[in-house]
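Trainee: Got a minute? I want to walk through this model with you.
Mentor: Sure, let's open it.

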Amino acid sequence: MSYQRDNELRRRINAFLQNAFSLPESDYYSKLDLQKLLSLKSALSDINNALTMRLTLGFLDWAAIALSFDAESINKIRASVLGAKPSSNGYDIYCAGPLPFIAEVKCNIPVNGGAKYGAAQRIGIEKDIDALLHGKSKASSVESHCLKFMVFIDLPEVRAANAHLFSSNAMSSKAFRFIETDEVPNDSNIVYGVYAALAA
């Protein structure tokens with residue numbers, strides 16, 4: 001039988017709802033009218049924002065140790081992150097001190113359960129690296145000595161997709177590298193890649 005997009009979408013949505021919420025087997029997809037589909041789309045946007053927030057807080061746990069921030073300083077940064085509206089312009093994290101840094105947080109998961117990013121994901125990562133290095137038009141300018149980070153969720157498939165992406169010729173020219181274990185970042189001319197876990 002040939003591929004039928006509507007049947008595959010129905011199967012995947014029904015399977016997700018049944019597994020995620022321990023629901024009995026049923027055709028939930030057929031009950032989703034336009035209004036319910038729009039509400040579900042909005043909820044999925046909120047889920048992405050929740051993932052980004054938890055990964056951001058997980059990165060701050062790493063930064064507190066790696067950058068030797070005291071509890072008061074890291075709590076101020078956390079409060080700033082929690083007080084920012086989702087999808088606001090600027091960087092996911094901007095810390096003016098005691099050690100200035102900016103960070104972009106990426107919750108990308110390789111498409112279709114694979115080990116490579118899709119074209120839009122690759123373009124988004126490259127664009128964010130450029131924005132960290134050269135600034136954003138809709139963000140405040142940052143000091144030249146500001147450290148720069150791109151944060152990825154620590155999953156094997158993400159590590160595999162990054163290995164593939166950053167071995168390509170297009171990305172090898174970027175001033176980017178993943179930080180080594182126990183390395184203390186000190187070069188403001190590059191973007192450091194960091195793997196972080198989601199905060200609880």
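Mentor: Start at Ser-188, in the loop between strand 4 and strand 5. Helices (H or I, at least four residues) and strands (E, at least two) are DSSP runs, numbered from the N terminus.

Trainee: Is Ser-188 buried or exposed?
Mentor: Ser-188 counts as buried, because its relative accessibility is 17%. Buried means under 20% relative accessible area, exposed means over 50%, and partly exposed is in between, with a 1.4 Å probe and protein chains only.

Trainee: What does Ser-188 touch?
Mentor: Leaving out residues up to four places away in sequence, Ser-188 touches Ser-144, His-145, Cys-146, Leu-147 and Lys-148. Touching, or contact, means heavy atoms within 4.5 Å. Look at Phe-101 too: its C-alpha atom is 8.8 Å from that of Ser-188, and the two are 87 residues apart along the chain.

Trainee: Hang on, how should I treat these values?
Mentor: This is a predicted model, so local features need pLDDT of at least 70 and side-chain atom pairs count only at pLDDT 80 or more, while totals for chains, interfaces and linings use all residues. Residues are numbered from 1 along each chain as its sequence is written, and side-chain values use heavy atoms, with hydrogens and water left out.

Trainee: Okay. You mentioned Cys-146. How many disulfides does the structure hold?
Mentor: Zero. Cys-95 is in no disulfide, and its nearest cysteine sulfur, in Cys-146, is 7.8 Å away. A disulfide here is a pair of cysteine sulfur atoms within 2.5 Å.

Trainee: Why is Cys-146 not bonded to Cys-95?
Mentor: Because the 7.8 Å between the sulfur of Cys-146 and that of Cys-95 is too far for a bond.

Trainee: And are those cysteines buried or exposed?
Mentor: Cys-95 is buried, with a relative accessible area of 2%. Cys-146 is buried as well, at 0%.

Trainee: Moving on to strand 3. How many of its residues are buried?
Mentor: Seven of the seven, residues 147–153, so strand 3 is largely enclosed by the rest of the structure. Check both faces. Leu-147, Phe-149, Val-151 and Ile-153 are buried on one side, and Lys-148, Met-150 and Phe-152 on the other.

Trainee: Which strands pair with strand 3?
Mentor: Strand 2 runs parallel to strand 3, and six bridges join them. Strand 5 also pairs with strand 3 in the parallel sense, over six bridges. Two strands pair if DSSP finds at least two bridges between them.

Trainee: Can you point to some bridge partners?
Mentor: Glu-104 is partnered by Met-150 in strand 3. Ile-153 has Ala-196 in strand 5 as its partner.

Trainee: Where is Lys-106?
Mentor: Lys-106 is in strand 2, residues 101–106. It counts as buried, because its relative accessibility is 12%.

Trainee: What joins the side chains of Lys-106 and Asp-128?
Mentor: A polar contact of 2.7 Å. That means a pair of N or O atoms within 3.5 Å; within protein, one must be able to donate a hydrogen and the other to accept it, and residues adjacent in sequence count only if both atoms are side-chain atoms.

Trainee: Tell me about Asp-128.
Mentor: Asp-128 lies in helix 4, residues 119–134. It is buried, at 14% relative accessibility. Beyond its neighbours within four places in sequence, Asp-128 contacts Glu-104, Lys-106 and Met-150.

Trainee: And the neighbours of Lys-106?
Mentor: Apart from those within four places in sequence, Lys-106 has contacts including Leu-55, Gly-124, Ile-125 and Phe-152.

Trainee: New topic: backbone angles. What is phi for Ser-68?
Mentor: Near 55 degrees, a positive value in a residue other than glycine. Most residues other than glycine have a negative phi. Ser-68 sits in the loop between helix 2 (34–66) and helix 3 (71–83). It is exposed, at 64% relative accessibility.

Trainee: What about Asp-182?
Mentor: Asp-182 is not a glycine, yet has a positive phi of about 65 degrees. Its loop runs between strand 4 (176–178) and strand 5 (191–196). Asp-182 is exposed, with a relative accessible area of 76%.
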